[in-house]
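Reader: I would like a close look at one part of this model, with the cut-offs stated. Please take the nonpolar core and what surrounds it.

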Amino acid sequence: MRWIGAFFVLASLTAVGFEWSRRLSGRSRQIRQFTTALQMLEAEVMYGHTPLPVISRKLEKTLEPPLSRFFATFAHFLETESTDVKEAWDRSLEWHWPSTALRHKEKEALLQFGQTLGRHGREEQRKYIQLTLAHLRAEEFEAIEEQRKYEKMAKSLGFLGGLLAIIVMI
């Protein structure tokens, strides 16, 4: 019976380490996805003159969850509720933020972008998109460095922490 408990402790702490590692890699991947989404948004605004709900539906189909769900919610708010673009963006971001691996810095950059979305002409909008892209690229570089440093360590710590817990229990 003791060995079964030891196995469960080891498995659960190893899973915690792997989850931590997954979140580290998920952050850089999701920042890249947001960067791609903003580049597509820029192209549609500048050259396609496409309305935001239509762009959001395209992004919903292109991106992976949780960002696809974010753009689906954003499009839904724009299509069905009488809210402005900033309110729809902010509500969508708040709604889906807990399911992302992103951090506060990325959230601030995206909230600032949401304040400008749909309020300016195409050229000004392009400048705000480029500014947000620059912020996200800097955060992506930081996320990649953090992932490189800590991903293997997170997995190892989970397993070794489980072994330590077993030794202490026995």
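Author: The core comes next, followed by one helix that feeds it and two single residues.

This is a predicted model, in which local features need pLDDT of at least 70 and side-chain atom pairs count only at pLDDT 80 or more, while totals for chains, interfaces and linings use all residues. Residues are numbered from 1 along each chain as its sequence is written, and side-chain values use heavy atoms, with hydrogens and water left out.

A nonpolar core is a set of buried Ala, Val, Leu, Ile, Met, Phe, Trp, Tyr and Cys residues joined through side-chain atoms within 4.5 Å. Buried means under 20% relative accessible area, exposed over 50%, and partly exposed in between (1.4 Å probe, protein chains only). The largest such core has 30 residues, and Phe-34, Leu-41, Phe-71, Trp-89, Leu-93 and Leu-117 touch the most other members. At least two core residues come from each of H1, H2 (52-62), H3 (67-80), H4 (85-96), H5 (104-116) and H6 (122-169); helices are DSSP runs (H or I, at least four residues) numbered from the N terminus.

Beyond residues up to four places away in sequence, Phe-71 touches Phe-34, Trp-89 and Leu-59, among others, where contact means heavy atoms within 4.5 Å.

In H4, the buried residues include Trp-89, Leu-93 and Asp-90. Their cover includes H1, H2, H3 and H5.

Thr-35 sits in H1 (residues 2-48) and counts as buried because its relative accessibility is 7%. Gly-121 lies in the loop between H5 and H6 and, at 34% relative accessibility, counts as partly exposed.
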